[in-house]
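Q: Got a model open here and want to go through it piece by piece. Can you take some quick questions?

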Amino acid sequence: MGQKLKIAGWVAVGALAGALTTVQLQAVARGSLAPLPLEELQQFAAVFGMVKSDYVEPIDEKKLITDAISGMVASLDPHSQYFDKKSFKEFREGTSGRFVGVGIEITMEDGLVKVVSPIEDSPAHRAGLKTNDLITKIDDTPVKGLTINDAVKRMRGEPNTKVQLTIFRKDENRSFPVTITRQEIKTQSVKAKLVEPGYAWIRVSQFQERTVEDFTRKLEDIYKENPGLKGLVLDLRNDPGGLLDAAVAISAAFLPENATVVTTNGQLEESKSIYKAAPEYYLRRSGSDPIRRLNEVSKGAFKKLPIVVLVNEGSASASEIVAGALQDYKRATILGSQTFGKGSVQTVRPLGPDTGLKITTARYYTPSGRSIQAKGIVPDVWVDETEDGNLFAALRTREADLEKHLGNGQDEAKPLSDADKAAEKLREQEREAARLRLEEETKKNPGGRLLPEFGSEKDFQLQQAIKQLKGQPVQVSKTLSERKEVKPEE
């Protein structure tokens, strides 16, 4: 056994040596990394050999190395990630706003998949699926017991393949099968409407490849029908971010040309960048500039129109860049609660045709030089999510709550003071109260919406945003306050 172990270990060293020679050359080429530590690499190879030869059952070598790479990258921060073939494909679908499936927004209810709404002109929409339909089977697999991710994966697939869904429609008290042909689905990340005469609402739910074009088209339509606009609400609540160039473009729609939108700073020279409100910073390919077109159609109205930006704990990354830029230039009033605080830049580096590495390479800074990381954007006007207060906001996690989160890079996190400890204890009490409230509401209304839909007549924060634009009194929060990054006690 000892001889086998020794051989396995040296085989592993040999296998690693070839791969690491390439890495070493790349490291020297970048000019920023020290020589790789041979002793630690030998130790890694020895452990690899022991697991390969001694573990209770055979282990796939490729999986073992892939898991080791994943663990190494995951130890850096919550946003760095190694992509295998499957996860790389899913990541690219997420940023493009396109995927192959049936075209429904779903949630879970009583262990079944519930249709929130079919996407307009999707296969599911054409097949007659309705809001509140329950999916009990996907092909021959019962949905009961599946996670929502498992259900999504089973409904997705290759274009022009078929999937059979068994539907239970409550209001008709019947079950029936529907065979749907999968197609490429283009998700809509922008919604807009006129809230009342003179005041419009536009929501960006994620910054994707199509977001800028959809955003400008909707603003153009609103302006053409309402040239006398008095104010605009830009809704970035629960927007997790997405593409940087899309965030720069959305900011450019409201800022002076060539104004700095965001800067980045990291180890590599290429990570030290300034992004401005100009086409060369947001246009991905040659062609028409949607921001310039919007400016021409509206005669520059959106460069001067009063704006309120709605944000909350779920507003992260690209949405924080937009909010921070408009706040620094005093171009908009930021209303809501402190944002998530994801102020780090992830660069995706392909490792081959089907795999890649998403790695944190820089921090984001607002035009005035504020770091967004682990702090976020502090609103100008604090407003609760409902008239009765923040019902469930205490349950939402922010960047500073994540294990191994990257520090702010400006103000060093300080140890917890007595006031910090008291505030943290109060937050724990609020979390527990919100958790109990959530359980109670879920029991009373299983599968139902717990908070009003964004943009609806019952949207309290939107109502306050319109009041802010009109110069009327706003019902500000009596409990919300800024959360600073602190160093937890050992």
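Q: Let's take helix α11 to begin with. How many of its residues are buried?
A: This is a predicted model. In it, α11 spans residues 318–328, and 10 of its 11 residues are buried.

Q: Which ones are buried?
A: They are A318, S319, E320, I321, V322, A323, G324, A325, L326 and Q327.

Q: What do the buried residues of α11 pack against?
A: Five strands and a helix, namely β12 (231–235), β13 (260–265), β15 (307–311), β16 (333–336) and β18 (356–365), plus helix α8 (244–252).

Q: And what follows α11?
A: K330 comes after the helix, and its phi is positive, near 55°.

Q: OK, sheets. What is the strand order in the open sheet of six?
A: The order is β10-β11-β12-β15-β16-β19, and the pairing is mixed. β10 (190–196) and β19 (381–382) are the edge strands, each pairing on one side only.

Q: How do β15 and β16 run, parallel or antiparallel?
A: Parallel, with four bridges joining them. Within that part of the sheet, V308 stands opposite T333 of β16.

Q: Which strands does helix α13 lie across?
A: α13, residues 460–470, lies across β10, β11, β12, β15, β16 and β19. The helix runs at about 155° to β15.

Q: And α7?
A: Helix α7 (residues 211–225) lies across β10, β11 (199–204) and β12. Its angle to β10 is about 20°.

Q: Switching to β5. In what sense do β5 and β4 pair?
A: Antiparallel, over two bridges; β4 covers residues 112–118 and β5 covers 134–138. V113 has I135 of β5 as its bridge partner.

Q: How many bridges does β5 make with β7?
A: Four, again antiparallel, with β7 at residues 162–169. K137 is partnered there by T166 in β7.

Q: What about β6?
A: β6 (residues 141–142) pairs with β5 in the antiparallel sense over two bridges. One partnership is I138 with T141 of β6. The hairpin of β5 and β6 has two residues between the strands, and D139 takes a positive phi near 55°.

Q: Last topic, cavities. How many are there of 30 Å³ or more?
A: One. The largest cavity holds about 30 Å³ of space.

Q: Which residues line the largest cavity?
A: A252, A253, I291, L294, N295, S298, F302 and K303. By type, the lining divides into five nonpolar, two polar and one charged.

Q: Which helix gives the most to the lining?
A: Helix α10 (residues 290–297), with three residues.

How values were computed:
Residues are numbered from 1 along each chain as its sequence is written. This is a predicted model: local features need pLDDT of at least 70, side-chain atom pairs count only at pLDDT 80 or more; totals for chains, interfaces and linings use all residues. Side-chain values use heavy atoms; hydrogens and water are left out. On a 1 Å grid over the protein atoms alone, a cavity is a set of points where a 1.4 Å probe fits but cannot get out, and a pocket is an open set with protein on both sides within 12 Å along at least five of seven lines; lining residues have an atom within 4 Å of a point. Grid points are joined across faces, edges and corners, and a volume is the space filled by probe spheres set on the points. Ala, Val, Leu, Ile, Met, Phe, Trp, Tyr, Cys and Pro count as nonpolar, Asp, Glu, Lys and Arg as charged, and the others, Gly among them, as polar. Buried means under 20% relative accessible area, exposed over 50%, partly exposed in between (1.4 Å probe, protein chains only). Contact means heavy atoms within 4.5 Å. Two strands pair if DSSP finds at least two bridges between them. Axes are lines fitted to C-alpha atoms, for helices over the stretch in contact, and angles run from 0 to 180 degrees between N-to-C directions.
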